[in-house]
Amino acid sequence: MAVSTLSPMKLLKTPEILLKYGNPGDQQNFAVIEVPFPMIVAWDRTTKIKRFTCHKLIATQLRQVYVDILSEYGLPEIERLGINIYGGCFNHRPKRGTENSYTNAIKAGDLNKAASFLSVHSWAIAIDMDPDRNKLNENHTTARFAKPAYKKMIDCFYRNGFVGLGPEKDYDWMHFQIGS
Ligand SMILES: [Zn+2]
């Protein structure tokens, strides 16, 4: 299992996210980053991108993740391992399974409670990679990113201030988010 021990960072809680990263979905907080190699869009494999939107406060670090990945692996290995498959960054939505709780909190006018049900993708402070082979409910026995070949990739995220749900919680291995 490709657990990274490089950093004592932890997953941010919703009040910390609101304080540091502002309101979910606030486009004024967003920036477009250019990555150093083309990425294949997971839900449309014929589309390649070299830029995408993320929160401006993580832009430099997130770009550096991909610069480091390129220097660690080189492009052919990145492509062979599917590290170039982009699963999405900004997505304003509740966490899977909390849709009703989110809607009820919105109806009740409790925006702080509603925010607690939102995916951190709503702030554009997380990125998913190769989602088809690192599904939400997979653990290290089947998730691709738990294999030793991906240890260096995970280290690139941690080195630049990100944490992964795979190494931390052993589910949702596709998902990396900015740490505390
Ligand atoms: Zn995610």
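1. Which residue follows α2, and what is the sign of its phi? In this predicted model, helix α2 is followed by G74, and the phi of G74 is positive, near 80°. A comparable ending is found at α6, which is followed by G161, with a positive phi near 95°.

2. The length of α2 can be checked against its residue count. The helix covers residues 59–73, and because each of its 15 residues is taken at 1.5 Å, with the span counted over one less than the number of residues, the expected span is 21 Å, which agrees with the 22 Å that separates its end C-alpha atoms. The buried residues of α2 are L62, V65, Y66, I69 and Y73. Seen down the helix axis, these buried residues fall within an arc of 85°, so they line one face of α2. On the other side of the helix, T60 and S71 are exposed.

3. As to what that buried face of α2 meets, its residues pack against strands β1 (30–41), β2 (44–55), β4 (126–129) and β5 (162–164), and also against helices α3 (75–81) and α6 (151–159). The helix lies across β1, β2, β4 and β5, and runs at about 20° to β1. On the same sheet, α6 packs so as to touch β5 and β6, and the direction of α6 makes about 135° with that of β5.

4. The sheet itself is open and has 6 strands, in the order β2-β1-β3-β4-β6-β5, with mixed pairing. Its edge strands are β2 and β5, each of which pairs on one side only. Averaged over the sheet and with direction ignored, neighbouring strands are turned by 30° against each other.

5. Three of the pairings deserve individual comment, and they may be taken in sheet order. Strands β1 and β2 run antiparallel and are joined by 8 bridges, with A31 having C54 in β2 as its bridge partner; a hairpin leads from β1 to β2 through 2 residues. Strands β1 and β3, by contrast in sense, pair parallel over 2 bridges, and here I40 stands opposite I85 in β3. Strand β4 pairs with β6 (residues 175–178) in the antiparallel sense over 3 bridges, and D128 has H175 in β6 as its bridge partner.

6. Which residues touch the most other members of the largest nonpolar core? In this core of 38 residues, they are V65, I69 and I125. At least two residues of the core come from each of α1 (14–21), α2, β3 (85–88), β4, α6, β5 and β6, and α2 gives the most, with 5 residues. In soluble globular proteins, nonpolar side chains tend to be buried together. For I69, when neighbours within four places in sequence are left aside, the contacts are with I78, I83, M153 and C156.

7. Helix α6 can be read in a similar way to α2. Its buried residues are M153, I154, C156 and F157, and, seen down the axis of α6, they fall within an arc of 150°, so they line one face of the helix. The elements that cover these residues include α2, β5, α7 (165–169) and β6. Two of the buried residues named here, M153 and C156, are among the contacts of I69.

8. Two backbone conformations should be inspected by anyone going through the model residue by residue. Most residues other than glycine have a negative phi, and most peptide bonds are trans. A124, however, has a phi near 60°, a positive value in a residue other than glycine, and is placed in the loop between α5 (111–116) and β4. D130 is likewise not a glycine, yet has a positive phi of about 40°; its place is in the loop between β4 and α6.

9. Are these two residues, A124 and D130, buried or exposed? A124 counts as buried because it has 30 C-beta neighbours inside 10 Å, where the cut-off for burial is 20 or more. D130 is also buried, because 22 other C-beta atoms lie within 10 Å of its own.

Definitions and conventions:
Residues numbered from 1 in each chain as written. Predicted model: local features only at pLDDT ≥ 70, side-chain atom pairs only at ≥ 80, totals over all residues. Helix = DSSP H or I, 4+ residues; strand = E, 2+ residues; numbered from the N terminus. Buried ≥ 20, exposed ≤ 12 C-beta atoms within 10 Å, placed from the backbone. Arc of directions from axis to C-beta. Contact = placed C-beta atoms within 7 Å. Pairing = 2+ DSSP bridges. Axes fitted to C-alpha atoms, helices over the stretch in contact; angles between N-to-C directions. Core = buried A, V, L, I, M, F, W, Y, C linked by C-beta atoms within 7 Å.
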